[in-house]
Amino acid sequence: MKRREQFTSRLAVVFAMAGSAIGLGNIWRFPYLVGQNGGAAFIFVYIIAVALLAIPVFLAECVIGRRGGSGTFGAMRKLAPGSKYRWAGLVTVVTPVVLLSFYSVVGGWSVDYLMKACMLRFTKDTTGVFDGLLSSAWESIFMHTTFMIGTAIVILLGVKKGIERFTKVTMPLLFILILVIVIFGLTLPGAGKGVEYLIKPDFTKITPSVIAAATGQAFFSMSLGVGTILTYASYVSKEENLMVSAWGTAVSDLLFALLAGFAIMPAVFAAGIEPGQGPGLIFDTLPYIFSQMSPWVGAMVSILFFLSVLVAALTSSISLLEVGVAYLVEEKGISRTKATIGLAALVWAIGVACSLSGGVFNFLDHLCSDWLMPFGGVLFAMFVGWKMSKADVRDELTNGGTRNIRIFNVAYFLIRYIAPIGVLGIFVTNLLR
Ligand code: PHE
């Protein structure tokens with residue numbers, strides 16, 4: 001059999017995984033959920049969810065992917081021939097398609113805002129531009145179409161060329177730009193309230209539904225339960241330390257989310273925007289921020305910012321499409337080109353429905369992060385915790401007993417018990433709320 005392509009350098013692995021993790025989930029979704037779920041208290045719960053549930057599931061996906069050496073179905077079949085767990089593969093074909101459909105709509109909004117930035121639309125106070133955008137379904141559909149075509153083109157270029165090249169350049173740029181916006185945002189009159197909102201937790205705000213939302217967001221943001229990380233891990237070489245990849249991804253992903261929160265919330269309070277308004281939050285707030293900068297600075301920063309958001313969204317969307325494509329190519333023997341175009345078309349069609357209806361959009365958004373992703377994640381964790389032999393799991397996570405020997409037991413306990421029980425608890429909560 002042909003050897004699978006592998007990432008060329010150690011850093012490339014973390015970059016590619018972080019490239020998948022860091023995306024609209026951090027910049028768009030995290031701030032709007034913080035606003036809907038009580039600010040600092042949500043952030044507090046979120047960090048716990050990342051540590052106790054998301055990181056173990058991330059490790060589980062890495063173990064399956066690298067040990068199995070292929071996409072979800074193939075890996076599970078190889079590791080446990082004939083077991084029912086192979087149906088988890090199904091989740092990982094359905095979920096990315098659903099997720100990508102609304103993700104691509106938001107990606108399209110970024111394309112739209114990039115164009116508006118180029119036309120210097122944000123140099124005067126333009127709060128409320130988002131209303132205009134949403135009221136024009138055609139504009140939304142057109143931009144979503146553009147975004148999907150872009151995603152498909154990158155996938156057609158192949159793993160290394162397509163993915164590595166993008167992530168290396170734009171991540172640092174995005175980081176710097178958000179930092180610039182954070183610093184500028186803090187100088188706005190009234191920004192202090194926003195900072196307080198982000199750092200002073202009101203623990204009475206922690207309700208079951210806040211916990212559920214935070215957990216869902218942890219899965220969403222770290223790209224879990226979909227098979228993305230699993231598929232990427234199958235390209236990772238045996239020498240790589242998986243614990244380091246997990247930590248590296250989790251920490252950088254968290255950092256980006258927090259930075260986005262600090263970029264948005266102070267301005268939300270300065271401008272008197274409603275923090276709990278939902279998915280439009282950053283698209284209403286950013287134009288305000290850019291309009292407050294001096295015109296040329298505002299123009300420059302807004303163009304570069306939306307450009308790098310767009311690339312961050314693309315690195316996530318290509319990783320989503322890649323899961324389904326890998327499945328169709330490896331399991332069904334369909335050509336890469338046909339698989340890519342077929343899946344992209346399906347995603348596009350569902351995305352059109354999301355563009356036309358906010359109800360469909362919200363439904364799919366929550367279906368993914370509150371149900372499908374945790375469900376997929378828990379199956380992976382249980383597969384590793386209960387189906388695979390402990391010796392095999394140890395072998396993967398400690399690189400044959402040479403590393404991470406002490407933390408292995410903690411990680412294994414989290415994978416085997418805490419992640420499944422935690423997610424089950426979340427499901428019950430979701431049913432009751
Ligand atoms: N984690 C990505 C984000 O935060 C979204 C994503 C989910 C990407 C699942 C791939 C797989 O934007």
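Here are three short exercises on the cavities of this predicted model.

**Exercise 1. Counting the cavities**

Find how many cavities of 30 Å³ or more the structure holds, and how much space lies in the largest cavity.

*Solution.* Start with the count: there are five cavities of 30 Å³ or more. Next, turn to the largest cavity, which holds about 120 Å³ of space. Its lining is made of 16 residues, and those closest to the centre are Ser20, Phe220, Ser223, Ser316 and Leu320.

**Exercise 2. Who lines the largest cavity?**

Work out which element gives the most to the lining of the largest cavity, and how the lining residues divide by character.

*Solution.* First list the helices that each supply at least two lining residues: α1 (10–21), α2 (24–36), α5 (88–118), α10 (208–221) and α14 (295–332). Then pick out the top contributor, which is α14 with three residues. Finally, sort the lining by character: eight residues are nonpolar, eight are polar and none is charged.

**Exercise 3. On to the second largest cavity**

Describe the second largest cavity by its space, its lining residues and the element that gives the most to that lining.

*Solution.* Begin with the space, about 60 Å³. Now look at the lining, where you will meet Gly71, Thr72, Phe73, Gly74, Thr92, Val93, Val323, Ala326, Tyr327, Glu330 and Glu331. Two or more of the lining residues come from each of α4 (72–79), α5 and α14. Here α14 gives the most, with five residues. To finish, sort this lining by character: five nonpolar, four polar and two charged residues.

Terms used
Residues are numbered from 1 along each chain as its sequence is written. This is a predicted model: local features need pLDDT of at least 70, side-chain atom pairs count only at pLDDT 80 or more; totals for chains, interfaces and linings use all residues. Side-chain values use heavy atoms; hydrogens and water are left out. On a 1 Å grid over the protein atoms alone, a cavity is a set of points where a 1.4 Å probe fits but cannot get out, and a pocket is an open set with protein on both sides within 12 Å along at least five of seven lines; lining residues have an atom within 4 Å of a point. Grid points are joined across faces, edges and corners, and a volume is the space filled by probe spheres set on the points. Helices (H or I, at least four residues) and strands (E, at least two) are DSSP runs, numbered from the N terminus. Ala, Val, Leu, Ile, Met, Phe, Trp, Tyr, Cys and Pro count as nonpolar, Asp, Glu, Lys and Arg as charged, and the others, Gly among them, as polar.
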